[in-house]
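Subject: Structure handover

Hi,

Here is the structure I promised to pass on. Have a look at it first, and then read my notes below.

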Amino acid sequence: MNIRPVPFDHPDALKLNDEVQAEYHLRYGDGGDATALDASDFTPPRGVYLIAYDENDRPVATGGWRSQDENGEGNEDGDAELKRMFVIEEMRGRGLARRLLTTLEDDARAAGRSRMVLETGTKQPEAIALYVSSGYEPCTKFGYYRHYESSLCYAKPL
């Protein structure tokens, strides 16, 4: 796997984002994640967006983090918010999400962030298992979906 940073609005990122949004819609029936995101959110040193490419240079996984500080939506100063973690179906179960997660944590730590936070949902048991097994613990809900019963928020000190 070749993991490399790309702009959030890169054509490969847009393609994978469409796929993850379709999966969210399938699982939740709500059209996908409505959280406002901007390409500038993922511009170093305030964030990064990564795509994993296979041996044929095909984009197969994605994930990013963006800086968040105290904002009245449950975030704390020093947060790095994980966004758009996704592995295409045929590449799942190979440890790729864990590799991406570790790379993102290392990058956020190097950028001076003190805590990685994420929001997922009750209908994503694979994601929950990945995060819990990677040391994430439930935290105060934050962000767009903080008032939704199906929302689960996790954090890990960096």
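First, what I mean by a cavity: a set of grid points where a 1.4 Å probe fits but cannot get out. Its volume is the space filled by probe spheres set on those points. Keep in mind as you read that this is a predicted model.

With that in hand, the largest cavity has a volume of about 50 Å³. How many cavities of 30 Å³ or more does the structure hold? Just one. The residues lining the largest cavity are T35, E81, K83, E119, F142, G143, Y144 and Y145. By type, that lining splits into three nonpolar, two polar and three charged residues.

Then there is the open space. The largest pocket takes up about 810 Å³. It is lined by 35 residues, and those closest to its centre are Y24, M85, T120, Q124 and A127. Two or more lining residues come from each of α1 (11-28), β4 (79-87), α2 (96-110), β5 (115-121) and α3 (125-133). Which element gives the largest share of the lining? That would be β4, with six residues. The pocket lining as a whole has 16 nonpolar, eight polar and eleven charged residues.

Now the sheet. It is open, has seven strands with mixed pairing, and runs in the order β1-β2-β3-β4-β5-β7-β6. At its edges stand β1 (2-5) and β6 (137-138); each has a single partner strand, so one side of each is left without a neighbour in the sheet.

Further in, β2 (residues 47-53) pairs with β3 (residues 59-68) in the antiparallel sense, over seven bridges. If you want to check the register, A52 stands opposite A61 in β3, and L50 is opposite G63 in β3. The hairpin of β2 and β3 has five residues between the strands, and there D57 takes a positive phi near 65 degrees. On to the next pair: β3 and β4 run antiparallel and are joined by seven bridges, with W65 standing opposite L82 in β4.

Is β3 enclosed or open to the outside? Ten of its ten residues are buried, so β3 is largely enclosed by the rest of the structure. The cut-off behind "buried" here is under 20% relative accessible area.

Two helices to look at against the sheet, starting with the pairing of β2 and β3 in view, which is antiparallel. α1 packs on the sheet and touches β2, β3, β4 and β5, its direction making about 85 degrees with that of β4. α2 packs on the sheet too, touching β1, β2, β3, β4, β5 and β7 (151-157); the direction of α2 makes about 30 degrees with that of β3.

One last residue to click on is S134, in the loop between α3 and β6. Why does S134 count as buried? Its relative accessibility is 13%, and the cut-off for buried is under 20%. Leaving aside residues up to four places away in sequence, S134 touches R98, L101 and K156.

That's the tour. Shout if anything is unclear.

Cheers

Definitions and conventions: Residues are numbered from 1 along each chain as its sequence is written. This is a predicted model: local features need pLDDT of at least 70, side-chain atom pairs count only at pLDDT 80 or more; totals for chains, interfaces and linings use all residues. Side-chain values use heavy atoms; hydrogens and water are left out. On a 1 Å grid over the protein atoms alone, a cavity is a set of points where a 1.4 Å probe fits but cannot get out, and a pocket is an open set with protein on both sides within 12 Å along at least five of seven lines; lining residues have an atom within 4 Å of a point. Ala, Val, Leu, Ile, Met, Phe, Trp, Tyr, Cys and Pro count as nonpolar, Asp, Glu, Lys and Arg as charged, and the others, Gly among them, as polar. Helices (H or I, at least four residues) and strands (E, at least two) are DSSP runs, numbered from the N terminus. Two strands pair if DSSP finds at least two bridges between them. Contact means heavy atoms within 4.5 Å. Axes are lines fitted to C-alpha atoms, for helices over the stretch in contact, and angles run from 0 to 180 degrees between N-to-C directions. Buried means under 20% relative accessible area, exposed over 50%, partly exposed in between (1.4 Å probe, protein chains only).
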